[in-house]
Structure formats: structure tokens, C-alpha cells
Amino acid sequence: MALPPHLRDSMTPQELEMIACQQLVEIVPLIAMEKTAFISGAYGPLRPPNKAKIPLWMAVNLKLKKKCHIVPPDWLTVEHLQDRLNREISVQDEFSNLPFRFAEISKVLLDVASDDLENPDQIRSLLKDLREARQAKSREGLRHIDHSDLSV
């Protein structure tokens, strides 16, 4: 994909996903594995059915090989996202509280582990509604900026 010159210096969505994949997630391993050392740290040992915390990139790799189930984060439920959306709509001067990189993490989990989530289609819809509500709030905030204060 050829990007316009003014966007070539910014990060691509794929790069943002890669950064988000460093986030630790909880899994239920389906295989036993000894402690494994990587540049980012040592993870394991994995012993089914005990839960373990590993980076998202490792969880995705194991999930694609059908060697684990990914435990969805507490915030990636219909109830929590609906609550965040209601707060996003009702409170106009701030964003609702969601984890950093929630959009990238949820995209990866929905793409790879939707079978581990309850109501993945409804979660997708709520995440889209949240994004649209935040975009509308941002546009409205930009309209209220006093441009005379920004002059140098």
C-alpha cells in the first residue's frame, strides 16, 4: 500500500498491533511446556489446566496451533463495553476508561480467538460504536478550540 508522503512517518495499523501484542494475556494451555526464554522475558511453564500469563503474540501463536484457549480480558465483555459506551455518550468532556491499546488488542483477539469470546459479533458492534462515539467527541472538541490561542 502506497501511503501519501505526510503519513509515511507515522506508524501503520500493523505496527500498532505488533506493539499491542507485547501485552500479557491469560491462557489455558492445552499442552505442557517448560519455561521458555525469549528476548522479552521468560514465560512458562505451561501446565494444563492451570492458567498462565504470556504475551499476546505467543498466545496467538499457540491458539493458531490449537494449543491453548485465550481467556478474554475482563474489559472485553458485552456488559463492560455497553457500560463504557453509555458513559462515552453521557459524559461529553472526557473519554470513558478503557485500557491502553484496547482497539488493537480487541482486533487481534476477535480475529484469532473469537471462539473464546462470548457474543463476538455484539462485541465487534460495541467496539465500532465506541470508536464512532470517540471520533464524534474528538471532532466536536476540535470545533471548540480557540485558534487564536494556538498562533505562535
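The paragraphs below walk through some places where the backbone of this predicted model takes an unusual form.

A helpful starting point is the general expectation: most peptide bonds are trans, and most residues other than glycine have a negative phi. With this in mind, the reader can look at the loop between strand S3 (41-43) and strand S4 (52-55), where proline 45 has its place. The peptide bond that joins glycine 44 to proline 45 is cis, and its omega is about 0°. Moving along the chain, one comes to proline 49, which is found in the loop between S3 and S4, and here the bond leading from proline 48 to proline 49 is cis as well, with omega near 0°.

The next place to visit concerns phi rather than omega. In the loop between helix H2 (56-64) and strand S5 (68-71) lies lysine 66, a residue other than glycine whose phi nevertheless has a positive value, near 60°. Is lysine 66 buried or exposed? Lysine 66 has a relative accessible area of 68%, and because exposed means over 50%, this residue counts as exposed.

A positive phi is also found at arginine 101, where the value is near 65°, again in a residue other than glycine. Arginine 101 belongs to the loop that runs between helix H3 (78-90) and helix H4 (102-112). Its relative accessibility is 23%, and since buried means under 20% and exposed means over 50%, arginine 101 falls in between and counts as partly exposed.

Technical notes. Residues are numbered from 1 along each chain as its sequence is written. This is a predicted model: local features need pLDDT of at least 70, side-chain atom pairs count only at pLDDT 80 or more; totals for chains, interfaces and linings use all residues. Side-chain values use heavy atoms; hydrogens and water are left out. Helices (H or I, at least four residues) and strands (E, at least two) are DSSP runs, numbered from the N terminus. Buried means under 20% relative accessible area, exposed over 50%, partly exposed in between (1.4 Å probe, protein chains only).
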